[in-house]
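Hi everyone, thanks for letting me take a few minutes today. I'd like to walk you through one structure, so have a look at it while I talk.

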Amino acid sequence: LGTRSNLYSPPNFILSLDGIAKEDTGKVIIASLAWSGNFRFDFEKDRFNNLRLIAGANNFAAEYELGPNQIFETPHFIYTYSEKGKNQASINMHRWSRKYRIYDGEGERLTLLNNWESTQFDFNENKIFKLLDDSKELGVDVFLLDDGWFGNKYPRNNDNGGLGDWKANKNKLPNGFDYLIKKAKKIGIKFGIWIEPEMVNPKSELYENHLDWVIRQPNRKEYYYRNQLVLDLTNPDVQEHVFGVFDNILIENPNISYVKWDANSIIYNGYSKFLERKKLPQSHLYFDYVKGLYKVLERVREKYPK
């Protein structure tokens with residue numbers, strides 16, 4: 001699928017070594033691949049009943065050529081072993097994740113109210129103000145403004161257009177975010193927003209201006225998942241753009257406290273104009289896309305640690 005690989009099959013497994021895995025008894029391995037792209041697990045038994053496991057990035061259509069002094073780092077594999085069943089293995093994995101992987105994993109989590117289920121794309125300042133008041137009454141910590149707040153030439157009133165044009169919609173939010181953030185601060189809750197900056201609708205200014213940034217096969221009809229396509233994060237210019245979307249929003253609105261970053265599409269139409277220009281094989285696409293995504297996320301975390 002290219003990205004968002006757990007849509008149909010998650011990149012993790014439970015392996016029971018001595019019979020059907022039970023909650024509190026039995027020898028169990030729980031494992032996960034730390035990888036956001038195509039993955040593959042192979043389990044093989046030899047004639048002596050030894051089990052062999054191969055786990056990593058999926059090698060289908062993914063041959064990778066290395067030049068002199070280049071390094072290829074395979075995805076990390078995280079696993080734990082338990083002799084007290086699935087429950088203890090799960091506890092081990094959660095403890096490790098909280099301690100070493102999740103930001104402030106051993107701290108308190110904030111409760112959040114999202115406008116999506118109550119308004120979807122149909123909202124304006126007054127509706128959001130009412131929901132902010134409801135948030136305070138409910139006692140939640142954060143209000144999140146979800147999809148639909150952006151796009152002017154192509155207003156984001158449904159999922160057919162606007163994705164890629166990250167400026168507040170003047171009809172829905174004539175006073176921008178600042179007005180809402182001040183309201184949230186006044187009633188004592190934090191404010192967050194939704195973004196999906198690595199995606200684009202064909203009906204957007206970004207698509208019109210930077211078609212070469214889009215993962216699409218040049219001589220075939222485009223195939224859409226949720227009416228959108230994926231931006232080519234193998235391209236450093238696209239990485240800069242995607243980071244810039246996040247960065248510019250936070251620079252202009254430093255009191256935004258929370259960002260929900262969605263990934264509502266997998267990679268269809270797999271082809272990179274950037275790899276073509278660089279005379280690199282198209283089989284690099286799926287691996288280099290994920291590496292490009294990680295570079296952006298690392299920059300975000302470094303500049304905005306909280």
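I'll start with the whole chain, then go through the sheets, the open spaces and a couple of residues.

One thing to keep in mind from the start: this is a predicted model. The chain contains 8 helices and 11 strands. If you follow the C-alpha trace along its principal axes, it spans about 70 × 50 × 35 Å. There are 306 residues, and 42% of them count as buried. Now, take the contacts between residues with a separation of 6 or more: 70% of those come from residues 24 or more positions apart.

Okay, sheets. Let's begin with the one made of 3 strands, which is open, has the order E1-E2-E5 and pairs in an antiparallel way. Which strands stand at the edges? They are strand E1 (12-16) and strand E5 (76-82), and each has a single partner strand, so one side of each is left without a neighbour in the sheet. On average, neighbouring strands here are turned by 15 degrees against each other, if you ignore direction. Zoom in on E1 and strand E2, residues 28-34: they run antiparallel, and 5 bridges join them. As an example, find Ile14 and you'll see Ile30 in E2 standing opposite. There's a helix here too. Helix H1, residues 85-100, packs on this sheet and touches E1, E2 and E5. The direction of H1 makes about 135 degrees with that of E5.

On to another sheet. This open sheet has 4 strands in the order E6-E7-E8-E11, and the pairing is parallel. At its edges you find strand E6 (112-114) and strand E11 (256-261), each pairing on one side only. From one strand to the next, the twist averages 25 degrees. How many bridges join E6 to strand E7? There are 3, and the two strands run parallel, with E7 covering residues 142-145. One pair to look for is Leu113 with its bridge partner in E7, Phe143.

This sheet has helices lying across it as well. Helix H3, residues 125-138, lies across E6 and E7, and runs at about 155 degrees to E7. Then helix H6, residues 236-252, lies across strand E8 (190-195) and E11, at about 155 degrees to E11.

Hold on to H6, as we need it for the next part, the spaces. The second largest pocket holds about 330 Å³ of space. It is lined by 16 residues, and the ones nearest its centre are Trp166, Lys167, Asn248, Ile249 and Glu252. Which helix gives the most to that lining? That's H6, with 6 residues. Helix H4 (176-187) also takes part: H4 and H6 each supply at least two residues of the lining.

What about cavities? A search of the whole structure finds 1 cavity of 30 Å³ or more. The largest cavity has about 40 Å³ of space. Its lining includes Ile215, Tyr223, Leu229 and Asn269.

Let's stay with Ile215 for a moment. You'll find Ile215 in the loop between H5 and E10. Is Ile215 buried or exposed? Its relative accessibility is 0%, so Ile215 counts as buried. Leaving out residues up to four places away in sequence, Ile215 touches a list of residues that includes Leu229, Val230, Ile267, Tyr271 and Leu285. Leu285 is worth pointing at: Ile215 and Leu285 are 70 residues apart in sequence, but 9.4 Å apart in space, C-alpha to C-alpha.

My last residue is Glu222, in the loop between helix H5 (205-209) and strand E10 (229-230). Why does Glu222 count as buried? The cut-off for buried is under 20% relative accessible area, and Glu222 counts as buried because its relative accessibility is 13%. What does its side chain do? The side chain of Glu222 makes a polar contact with the side chain of Tyr207 at 2.5 Å. It makes another with the side chain of Tyr224, also listed at 2.5 Å. Again leaving out residues up to four places away in sequence, Glu222 touches Pro202, Tyr207, Arg216, Leu229 and Asn269. You've met Leu229 and Asn269 already, in the lining of the largest cavity.

That's my tour, thanks for listening!

Definitions and conventions: Residues are numbered from 1 along each chain as its sequence is written. This is a predicted model: local features need pLDDT of at least 70, side-chain atom pairs count only at pLDDT 80 or more; totals for chains, interfaces and linings use all residues. Side-chain values use heavy atoms; hydrogens and water are left out. Buried means under 20% relative accessible area, exposed over 50%, partly exposed in between (1.4 Å probe, protein chains only). A polar contact is a pair of N or O atoms within 3.5 Å; within protein, one must be able to donate a hydrogen and the other to accept it, and residues adjacent in sequence count only if both atoms are side-chain atoms. Contact means heavy atoms within 4.5 Å. Two strands pair if DSSP finds at least two bridges between them. Axes are lines fitted to C-alpha atoms, for helices over the stretch in contact, and angles run from 0 to 180 degrees between N-to-C directions. On a 1 Å grid over the protein atoms alone, a cavity is a set of points where a 1.4 Å probe fits but cannot get out, and a pocket is an open set with protein on both sides within 12 Å along at least five of seven lines; lining residues have an atom within 4 Å of a point. Grid points are joined across faces, edges and corners, and a volume is the space filled by probe spheres set on the points.
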